[in-house]
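Me: Got a minute to go through this one with me? I'd like to start with the contacts and then hop around a bit.

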There are 2 protein chains.
Amino acid sequence: MKPTIYDVAKKAGVSIATVSKVINNTGRISEKTKNKVLKVIGSLNYQQNVIATALTGKHTYTIGLLIPDLSNLFFAELARSIEDRGNELGYNLVICSTDYNPEKEAKYIELLKRKNVDGFILASGFENTYEVEKLIEEKYPVAIVARDVPAFNVNAVCIDDFQGGYDAASCLIELGHKKIAIIARDVWSNRERIRGFRKALEDHGGIEEYEFAQFALESSVQAGKTISLEYLSSSDPPTAIFACNDLLAIGAIEAIREKNLRVPDDVSVIGFDNTVIATIIDPQLTTMAQPIQHMGREVMDLIVAEIKGEKQYKSRIVLDTKRIVRESTAQIKRKQNANKKS
Amino acid sequence: MKPTIYDVAKKAGVSIATVSKVINNTGRISEKTKNKVLKVIGSLNYQQNVIATALTGKHTYTIGLLIPDLSNLFFAELARSIEDRGNELGYNLVICSTDYNPEKEAKYIELLKRKNVDGFILASGFENTYEVEKLIEEKYPVAIVARDVPAFNVNAVCIDDFQGGYDAASCLIELGHKKIAIIARDVWSNRERIRGFRKALEDHGGIEEYEFAQFALESSVQAGKTISLEYLSSSDPPTAIFACNDLLAIGAIEAIREKNLRVPDDVSVIGFDNTVIATIIDPQLTTMAQPIQHMGREVMDLIVAEIKGEKQYKSRIVLDTKRIVRESTAQIKRKQNANKKS
DNA sequence: TTGAAAGCGATACCAC
DNA sequence: GTGGTATCGCTTTCAA
């Protein structure tokens with residue numbers, strides 16, 4: 001069996017209280033006994049039992065991470081960057097995929113509470129903020145990432161989705177596009193991006209938003225393709241598509257090809273996220289980059305500060321997106337069919 | 001504060017022993033007191049503290065998952081499928097990315113032990129099997145996935161890497177290729193794939209393996225591209241490339257294009273894994289599919305059975321790979337320069 | 001400077 | 001059927 005503090009105490013000829021003190025470097029112990037205990041700890045290869053420590057009111061050094069889907073590259077990259085920073089700080093992650101399902105969100109939170117995690121990093125949907133508010137009320141350290149929740153006071157690291165949407169639209173507008181479609185899943189951050197997108201159209205004037213048919217049901221290539229196909233099949237299709245993530249954008253590209261059109265010559269496409277696939281596909285995807293590494297790092301720092309009680313106030317860190325122009329967007333070429341109403 | 005078993009006992013007017021019994025459905029309690037206690041539990045919204053339970057020798061319902069890199073799509077998909085099955089079975093995952101670094105592997109194992117995880121699922125490198133053997137010796141439930149370790153007795157779910165390599169090579173050979181290059185990172189499963197690959201060349205005869213220059217340093221697009229570029233720059237380049245994962249294969253495709261050659265007309269490429277990117281890129285990648293979902297499910301079942309003590313013997317489950325022919329491979333067209341030695 | 005003992009929240013043995 | 005109590009491994013207060 002693994003040695004316990006009792007084994008150490010016995011072998012060192014001291015009490016467990018003394019051993020505890022040298023482990024935690026608390027209280028006052030003589031150099032002599034301290035060294036003696038340390039030596040025994042080494043020889044026994046003793047390791048503190050985190051579970052027992054946690055039971056006395058200490059931390060578990062484990063943080064719950066709720067994300068929509070671990071197999072979505074954006075979240076996988078985000079989780080990895082959070083994990084890395086956690087590792088530097090001595091924390092592990094229990095990762096839970098929620099599929100944006102409120103029941104799963106609630107269930108996982110309940111379960112993680114029972115496991116005494118030190119805090120929660122939330123990157124899931126939480127359309128219903130009730131669970132989050134409850135968590136905060138119960139004094140659990142909470143930090144939100146990749147999703148803004150302006151409604152209440154909570155630590156958060158997010159991007160400026162409005163600005164990102166605005167910039168994506170601007171990119172297309174500057175290239176001369178006058179009829180632009182949007183593809184998005186119906187989650188909070190996308191609604192912000194759409195808002196920004198529309199504001200850009202408005203600000204420039206004379207730009208038409210292609211009739212918004214429906215939200216994507218999921219953030220997949222297939223969903224992007226299905227919706228794009230619909231757009232492109234109309235009598236007066238858009239000349240540019242803004243997809244709210246890279247996967248949907250790739251679906252758009254596939255749809256465009258299936259219609260025997262070319263990207264970007266016939267239709268431009270801009271994505272969002274800048275995951276590694278953006279550079280992998282051909283043509284390489286123009287997209288709005290999210291600072292994933294940065295976000296992961298910041299949110300872990302935030303929650304650890306909160307756990308350690310170092311924070312007086314909640315912080316909200318808003319990071320900027322960056323327009324990455326690659327090959328999927330181009331100056332508009334073909335004149336549209338004479339389709340102005342007048 | 002969260003209610004404890006004492007709160008429940010007091011409010012129900014019974015002892016904590018009784019409460020414990022109704023929670024765990026052990027011992028004998030009258031229907032009456034049982035209902036009474038249950039009601040109080042409901043009204044107090046009492047939840048068992050997993051930490052305290054674990055301290056009495058019970059399980060934590062948490063399993064450590066060690067993988068090389070969470071942001072690698074193959075492992076992200078694998079982790080997700082393991083997580084899903086774990087969720088069905090009541091287990092959470094602590095996910096640790098090791099980067100194939102033995103020190104990280106050892107460190108994480110040590111840490112997870114201290115946290116009393118119920119077992120370990122290992123998908124990392126573990127070139128040095130010492131850590132794994134130690135774990136098994138110490139009676140920790142262990143299951144290995146996506147990596148075969150034939151040296152000793154351990155639960156494992158893996159694919160037949162040798163067969164996969166053999167089949168990949170056969171695919172190329174059947175298309176008439178006579179000079180084939182291979183790209184791989186130097187990890188165990190790839191060495192098996194290479195072995196299978198070579199056996200296929202041998203079995204068919206007259207096929208030349210393109211001089212194997214070096215192992216890839218990482219499983220990235222860039223690494224695949226760099227090595228492919230080198231191959232393609234030689235005076236007598238290969239007509240087909242077998243890459244040991246999809247990312248490397250994509251790098252190969254990029255390299256081929258950079259050389260102003262076409263895929264698959266000039267050079268065929270076959271990958272390995274069949275992650276979602278295989279269908280995303282153009283041309284769609286011919287690849288050897290790993291049954292990721294199946295693997296995740298099986299390995300979780302294996303470790304849970306082990307944890308519950310339901311297993312008398314270790315199991316090794318070997319799954320087959322499947323050849324998925326898409327667009328990146330084609331019948332050889334161009335005659336090679338007259339380069340036969342005689 | 002050291003250690004005895006209470007307590008963290010639960011389980012389980014053994015009386016009653 | 002029910003409950004008192006030792007126990008899990010550790011921290012912390014308080015005496016000595």
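Me: Which atom of DNA strand D is 3.0 Å from an N or O atom in the side chain of A:Asn24?
Reply: A phosphate oxygen of the strand sits at that distance from the A:Asn24 side chain. Keep in mind that this is a predicted model.

Me: Ok, and what about A:Thr56, what does its side chain have at 3.4 Å?
Reply: There the partner on DNA strand D is a sugar or linking oxygen, 3.4 Å from an N or O atom of the A:Thr56 side chain.

Me: Which polar backbone atom is 3.3 Å from a phosphate oxygen of DNA strand D, I mean from which residue?
Reply: That one belongs to B:Ser15, so to speak from the other chain's backbone.Me: How many residues surround DNA strand D, and which are the closest?
Reply: 27 residues surround the strand, and the closest are A:Ile5, A:Tyr46, A:Gln48, A:Lys58 and B:Thr18.

Me: How much of what the protein sees there is sugar or phosphate?
Reply: Of the DNA strand D atoms within 4 Å of the protein, 63% belong to sugar or phosphate, and the rest are base atoms.

Me: Which helices supply that surface near DNA strand D?
Reply: α1 (5-12), α2 (16-24) and α4 (50-55) of chain A, plus α2 (16-24) of chain B, each supply at least two residues. α2(A) gives the most, with four residues.

Me: And how do the residues divide into nonpolar, polar and charged?
Reply: For the surface near DNA strand D, eleven are nonpolar, 13 polar and three charged.

Me: Switching to DNA strand C. Which residues come nearest?
Reply: A:Ile29, B:Ile5, B:Ser20, B:Tyr46 and B:Lys58 come nearest, out of 27 residues around DNA strand C. Sugar and phosphate make up 69% of the DNA strand C atoms that come within 4 Å of the protein.

Me: What does a phosphate oxygen of DNA strand C have at 2.3 Å?
Reply: A polar backbone atom of B:Ile5. For B:Asn49, a backbone N or O atom lies 3.0 Å from a phosphate oxygen of DNA strand C. On the chain A side, a polar backbone atom of A:Ser15 is 3.0 Å from a phosphate oxygen of that strand.

Me: Which helix gives the largest share of the surface near DNA strand C?
Reply: α2(B), with four residues. The helices that each supply at least two residues are α2 of chain A and α1 (5-12), α2 and α4 (50-55) of chain B. The residues of this surface divide into eleven nonpolar, 13 polar and three charged.

Me: New topic, helix α3 of chain A. What span should its 14 residues have?
Reply: At 1.5 Å a residue, α3 (residues 31-44) of chain A should span 20 Å, and its end C-alpha atoms are 20 Å apart, which agrees.

Me: Which residues of α3(A) are buried?
Reply: A:Lys34, A:Val37, A:Val40 and A:Ile41 are buried in α3(A). They cover an arc of only 130 degrees around the axis, so they end up on the same side of the helix.

Me: What covers them, and what is on the other side?
Reply: The cover over the buried residues of α3(A) includes α1 and α2 of chain A. On the other side of α3(A), A:Glu31, A:Lys32, A:Lys39 and A:Gly42 are exposed.

Me: What follows α3(A)?
Reply: A:Asn45, with a positive phi near 55 degrees.

Me: Now chain B. Which residues of α3(B) are buried there?
Reply: In α3(B), B:Val37, B:Val40 and B:Ile41 are buried. Their arc around the axis is only 100 degrees, which puts them on the same side of α3(B). They pack against α1 and α2 of chain B.

Me: And the face turned away from the buried side, which exposed residues does it carry?
Reply: That face of α3(B) carries B:Glu31, B:Lys32, B:Lys39 and B:Gly42. After α3(B) comes B:Asn45, whose phi is positive, near 55 degrees.

Me: Last bit: is A:Glu306 buried or exposed?
Reply: A:Glu306 counts as buried because its relative accessible area is 18%, and the cut-off is under 20%. This residue lies in helix α13 of chain A.

Me: What does A:Glu306 touch, leaving out residues up to four places away in sequence?
Reply: A:Pro141, A:Asn155, A:Lys311 and A:Lys314.

Me: And A:Gly309, buried or exposed?
Reply: A:Gly309 is exposed, at a relative accessible area of 57%. Its place is in the loop between α13 (292-307) and β11 (316-319) of chain A.

Key
Residues are numbered from 1 along each chain as its sequence is written. Chains are lettered from A and ligands numbered from 1 in the order in which they are written. This is a predicted model: local features need pLDDT of at least 70, side-chain atom pairs count only at pLDDT 80 or more; totals for chains, interfaces and linings use all residues. Side-chain values use heavy atoms; hydrogens and water are left out. A residue is near a molecule or strand if one of its heavy atoms lies within 4 Å of it. A polar contact is a pair of N or O atoms within 3.5 Å; within protein, one must be able to donate a hydrogen and the other to accept it, and residues adjacent in sequence count only if both atoms are side-chain atoms. Ala, Val, Leu, Ile, Met, Phe, Trp, Tyr, Cys and Pro count as nonpolar, Asp, Glu, Lys and Arg as charged, and the others, Gly among them, as polar. Buried means under 20% relative accessible area, exposed over 50%, partly exposed in between (1.4 Å probe, protein chains only). The expected span of a helix is 1.5 Å times one less than its number of residues. The arc is that of the directions from the helix axis to the C-beta atoms. Contact means heavy atoms within 4.5 Å.
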